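Colleague: Can you walk me through the pockets in this one?
Modeller: Sure, let's pull it up.

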Amino acid sequence: MKVDACADAICKALIKGSNGKWDSLVEKSLHRLGYRDLLNPSLVAQVITQPGLQRHHALALGFFNWAAQQPGYSHNTTSYEALIQSLRNAKQFRAIEKILKQMKLQRIALSSSAFVTIISANIQAKRSKDAYKTFMEMKALGHKLNADVYNPLLCSLSSDGHIDLAQAVYSEMRSDRIPANAVSFGIFMGAFCRSGDLKTALDMINEAKQNTSFPGSIIATLVINGLCQASRIQEACWLLEELRAISCKPDFIAYCIVTEALRMADRLDEVHRILKQKRKLSVAPYFSEYRDYVFALISARRIKEAYNMAQLIRSAGFPLEKDVYNVLIGSLSSFDPEAALVLYHAMLAANQIPTSLTLRNLVQGLCNIGKADEIWQVFQDFCLQGFVTDIPTYNFIIFSLCKTEKVKEAYKILDVMRRNKLSPDVEAYNTIMDACCKADLLRPARRLWDEMFRECCHPNVQTYNILILKLLKIGEVDEAESLYKSMLQKGVPPDALTYRSLIDGLTKANKLEEAYTITNDFMKSGLAPHAAVPSKVRDTLSRGVTELKSQTMIEASIR
């Protein structure tokens with residue numbers, strides 16, 4: 001069998017034989033395949049990197065460990081590096097540490113690409129010092145490094161406040177003649193100037209400006225902002241002129257940062273002096289450069305720095321463009337939803353309308369941190385004005401409100417949809433009905449059921465399952481069975497969940513004959529193998545039904 005086909009078969013067996021976790025059933029599935037004699041590191045690596053396993057890192061790790069236990073097999077660099085990449089994609093940084101210890105014990109060397117993956121993983125985990133250690137190990141082994149390694153590491157160390165290490169990396173870059181890009185150099189200089197020597201800073205800026213092109217005004221803004229954040233206001237005032245002398249002209253935004261810092265320090269005389277300089281010497285900001293820089297920061301995953309830059313622009317009284325707002329809110333929503341909410345309100349205040357994708361990202365971020373009131377406020381600000389025009393976005397907001405237990409508010413959205421000439425679909429009703437049942441609001445759930453029929457929205461199997469499961473849970477077995485019969489009459493085919501739930505509920509309620517009938521329906525449906533109903537249950541049902549029939553015959557003969 002070809003390696004590709006073999007890897008695909010193993011991947012499918014792993015996923016089909018599990019619920020996303022490694023257990024003995026998964027091992028049995030692998031043994032049944034009979035591929036153990038074909039195992040080699042290349043095949044193991046190919047299985048781990050299969051698209052189907054990208055969301056199942058536990059299965060990838062389990063398969064890796066299982067392979068190591070097979071007779072005659074041992075891992076090498078190829079299989080180890082495939083696993084490291086998989087764990088990095090899944091953000092399983094501690095697992096990566098354990099794998100690296102295994103490799104060192106077994107004296108298995110890492111390739112350059114594996115070193116880069118580990119550095120990237122540590123940066124992603126905000127462990128820049130660990131990334132630096134790996135970087136130094138890589139250098140010591142003689143691996144060649146390029147800008148794709150240097151620049152993210154310089155950014156990360158600078159952002160985390162490890163200025164000495166960042167300066168060491170920058171010195172290595174100069175030694176290897178690798179220029180820093182605008183993003184990494186700007187973040188580095190902004191951090192360096194908070195505590196570093198300003199003459200050294202000026203020398204580095206002057207040298208960098210001669211060797212590569214970058215937006216001088218933006219670098220000046222970042223340097224001035226770093227000084228003011230460190231309360232080095234007097235030095236920031238002095239640096240305004242020094243930066244101009246090396247053709248790194250501070251613009252209007254840089255002067256605004258200094259004047260605001262002086263104002264906060266109650267140094268009003270100096271405020272007036274800087275304001276005169278600003279009117280006389282400052283240049284208008286090139287918004288296209290700032291826009292490009294914000295996008296470059298986002299591309300480099302420096303979301304915090306992109307947000308800070310946007311706030312500097314806004315604090316100077318300049319507007320952000322609509323695309324900047326949308327991209328920044330979307331990026332911030334998974335990183336810092338509360339900061340994204342601040343920008344969202346600023347966007348509305350600037351009469352800018354977020355896109356549906358921006359709204360979904362923001363609501364998802366707020367939902368993740370349980371900000372139910374804020375989600376409802378976003379809906380009132382945005383949706384009630386008719387800016388949402390598609391059903392999927394409405395459904396997403398309904399889902400988010402229900403997830404944060406705002407069921408009544410979610411129900412109100414159905415009326416808003418109708419006012420906007422949109423008919424709520426079965427997904428919207430199912431989401432609210434499920435939330436009602438989970439909150440023990442059975443009466444409202446039944447009203448929703450009736451409303452669906454009035455609005456000509458036909459229930460699907462999920463709708464029936466939601467109510468059947470709730471009715472069984474509260475002991476309303478007869479009503480659950482009635483719903484089952486109703487779905488058959490209306491041509492809605494039950495699924496495996498329907499059958500299993502009813503069989504279990506009816507059996508517990510000692511309604512064995514009804515349970516036996518539904519068991520037969522289940523077996524005839526072709527939805528599940530014979531083992532889907534445990535043998536003990538089938539035997540109990542068979543005995544119970546036989547006893548019931550015998551009892552009925554005895555009673556009839558007596559009468």
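Colleague: What's the volume of the second largest pocket?
Modeller: About 440 Å³, where volume is the space filled by probe spheres set on the grid points, joined across faces, edges and corners. A pocket here is an open set of points on a 1 Å grid where a 1.4 Å probe fits, with protein on both sides within 12 Å along at least five of seven lines; lining residues have an atom within 4 Å of a point. Keep in mind that this is a predicted model, and the totals for linings use all residues. Residue numbers start from 1 along each chain.

Colleague: Which residues are closest to the centre of that second pocket?
Modeller: Its lining has 22 residues, and Leu 100, Lys 104, Ile 118, Thr 134 and Glu 137 are the closest to the centre.

Colleague: And which helices supply at least two residues of that lining?
Modeller: H6 (93–105), H7 and H8 (128–140) do; a helix is a DSSP run of H or I, at least four residues, numbered from the N terminus. H6 has the largest share of the lining, with 7 residues.

Colleague: OK, switching: how big is the largest pocket?
Modeller: That one comes out at about 890 Å³. Its lining has 31 residues, and Ile 123, Gln 124, Ala 300, Arg 301 and Arg 302 sit closest to the centre.

Colleague: Which helix gives the most to that lining?
Modeller: H9, with 7 residues. H7 (112–124), H9 (147–159), H11 (182–192), H17 (287–299), H18 (303–315) and H19 (322–335) each supply at least two.

Methods: Predicted model: local features only at pLDDT ≥ 70, side-chain atom pairs only at ≥ 80, totals over all residues. Heavy atoms only, no water.
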